[in-house]
Amino acid sequence: MIPTVLTSSVDRAARFIRAGRVVAFPTETVYGLGADATNESAVQEIFEAKRRPVDNPLIVHIADMTDVEKAVTSVPDHARRLMDLFFPGPLTLVLPRNPHIPEIVSAGLPTIGIRMPDHPTALAFIRACRVPVAAPSANVSGRPSPTTWESVQEDLDGRIACILKDDPTHVGLESTVVDCTGEHPIVLRTGGVTIDQMREVVPGTVMSGSGDSALRRSPGTRHRHYSPVARVVIVDGLSEIPLASGTAFIGFSADPDPNRFIKAFNASDLGAYARRLFEFFRECDRAGVETIYCQRVPRKGIGAALMDRIERAVAG
Ligand code: TXA
Ligand code: MG
């Protein structure tokens with residue numbers, strides 16, 4: 001056990017990074033678990049703290065466009081157009097790795113994911129660190145990503161040096177990951193930026209298939225993900241849900257009987273559903289829920305990423 005410092009001071013949190021330690025910090029998507037991306041032993045501590053498989057690469061977070069070249073060696077035209085529109089934002093671009101970033105960050109791959117979070121505290125923190133910040137989501141591997149600092153503490157208290165406290169994150173699902181090393185951008189993970197938004201600037205953007213080559217390209221998809229302890233079941237509506245104890249519901253149908261579920265969340269729109277999903281999973285586990293019923297949504301806009309995360313939770 002190490003003492004985990006809770007602070008709202010960006011400068012205090014950044015000093016830990018400059019000392020080679022690991023710090024959880026907010027972004028617009030989910031909380032990240034950061035370390036100096038140029039410091040191999042600091043990055044090693046990220047993998048240990050969250051028990052992450054070492055073959056799963058990390059994203060490098062930057063705060064200024066001039067930092068792009070610290071992480072990557074070249075930016076093809078289509079990637080430049082995506083950057084111009086979505087940096088800062090919930091989009092991670094996979095590009096050729098600059099050897100300045102040690103191999104451990106990219107799990108030995110010749111590529112590296114980079115992202116500029118659209119969040120004032122995250123940007124101030126990265127600037128105060130004065131180095132690119134390598135960071136996966138700040139959960140123990142396999143658990144839902146944390147969207148509140150309390151959930152970071154639940155998973156990592158005593159395992160990391162510091163938590164930079166801030167408000168709950170406002171996207172609630174992770175960034176879109178897009179491989180920009182080939183002729184067309186390939187979406188490896190759906191997320192905060194939708195494929196339609198990307199196609200407006202790069203019409204040739206495609207979704208990765210589910211074959212072997214796609215799995216090799218996106219190492220993270222091999223691993224178990226986003227799973228609460230409770231069983232997760234997808235339903236179209238409330239009428240499909242058996243009347244049983246130990247259940248919870250998240251979706252759009254207001255329940256006529258408030259005593260039916262241990263926990264229920266009726267979202268006002270898709271964005272509210274996405275923002276709340278991971279925290280709802282955690283609340284259900286804390287309350288001992290046995291089965292979480294999630295209402296299916298159309299795979300439009302953020303709905304694509306939402307269904308992806310729910311389906312992974314079902315499989316997990
Ligand atoms: O929104 C987010 O992306 C959050 C915040 C903290 O930025 N981060 C996050 O990181 O979700 P993580 O490590 O939980 O997920 C990163 C995903 C993994 O599936 C990983 O395999 C993939 O991105 N990835 C990272 N670098 C890659 C690379 N060079 N090639 C292919 N996939 C990569
Ligand atoms: Mg993660």
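Helices and strands in this tour are DSSP runs, of at least four residues for a helix and at least two for a strand, numbered from the N terminus. The model on the screen is a predicted one.

**Stop 1: a cis peptide bond**

Please select P88, which lies in the loop between α4 (77–86) and β5 (91–96). Include F87 in the selection as well. What kind of peptide bond joins F87 and P88? The bond is cis, with omega at about -5°.

**Stop 2: the surroundings of ligand 1**

Next, select ligand 1 and display the residues around it. There are 25 of them, and those that come nearest are T29, R52, N56, H61 and S175.

Three of these names deserve a closer view, one at a time. Begin with R52: an N or O atom in its side chain is 2.8 Å from an oxygen atom of ligand 1. Proceed to N56, where a polar side-chain atom lies 2.7 Å from an oxygen atom of the ligand. Then turn to H61, which has a polar side-chain atom 2.6 Å from an oxygen atom of ligand 1. The protein buries 98% of the 680 Å² that ligand 1 exposes when taken alone.

Now colour the strands. Which strands each supply at least two residues of the shell around ligand 1? They are β4 (59–61), β6 (111–115) and β10 (186–189). Strand β6 gives the largest share of the shell, four residues. If the shell is coloured by residue class instead, eleven residues are nonpolar, nine are polar and five are charged.

**Stop 3: helix α9**

Select residues 270–286, which form helix α9. This helix has 17 residues, and its first and last C-alpha atoms are 24 Å apart, close to the 24 Å expected at 1.5 Å a residue. Where is the kink in α9 centred? The kink is centred on L277 and amounts to about 45°.

Show the surface of the protein around the helix. Twelve of the 17 residues of α9 are buried, so the helix is largely enclosed by the rest of the structure. Among the buried residues are A272, Y273 and A274. L277, at the centre of the kink, is also buried. Buried charged side chains can be found here too, including E279, R282, E283 and D285.

**Stop 4: two residues with positive phi**

Select R51, in the loop between α2 (40–49) and β4. Its phi is near 50°, a positive value in a residue other than glycine. Is R51 buried or exposed? Its relative accessibility is 52%, and the cut-off for exposed is over 50%, so R51 counts as exposed.

Move on to A107, located in the loop between β5 and β6. Here phi is near 55°, again a positive value in a residue other than glycine. With a relative accessibility of 26%, A107 counts as partly exposed.

**Stop 5: buried residues and their contacts**

Select T7, whose place is in strand β1 (residues 5–7). T7 is buried, and its relative accessible area is 7%. Add S9 to the view: the backbone nitrogen of S9 lies 2.9 Å from a polar atom of the T7 side chain.

Select Y31 next, in the loop between β2 (23–25) and β3 (32–36). Y31 counts as buried, at 0% relative accessibility. Which backbone oxygen does the side chain of Y31 reach? The side chain reaches that of D166, at 2.8 Å. Draw a line also from Y31 to E45: these residues are 14 apart along the chain, and their C-alpha atoms are separated by 17 Å.

**Stop 6: distances across the chain**

Select I310, found in helix α10 (residues 303–315). I310 is buried, with 0% relative accessible area. Add L123, and the viewer should give 29 Å between the C-alpha atoms of the two residues, I310 and L123, which are 187 residues apart along the chain.

Finally, select V202, in the loop between α7 (195–201) and β11 (206–207). Is V202 buried or exposed? V202 is buried, and its relative accessible area is 6%. Draw the last line of the tour from V202 to M1: they are 201 residues apart in sequence and 48 Å apart in space, from C-alpha to C-alpha.

Terms used
Residues numbered from 1 in each chain as written. Chains lettered and ligands numbered in written order. Predicted model: local features only at pLDDT ≥ 70, side-chain atom pairs only at ≥ 80, totals over all residues. Heavy atoms only, no water. Near = heavy atom within 4 Å. Polar contact = N/O pair within 3.5 Å; in protein donor to acceptor, adjacent residues only side chain to side chain. Areas by Shrake-Rupley, 256 points an atom, 1.4 Å probe, with all protein chains shown as cover. Expected span 1.5 Å × (residues − 1). Bend = angle between axes of the 7 residues up to and from the residue. Buried < 20%, exposed > 50% of the residue type's maximum accessible area, 1.4 Å probe, protein only.
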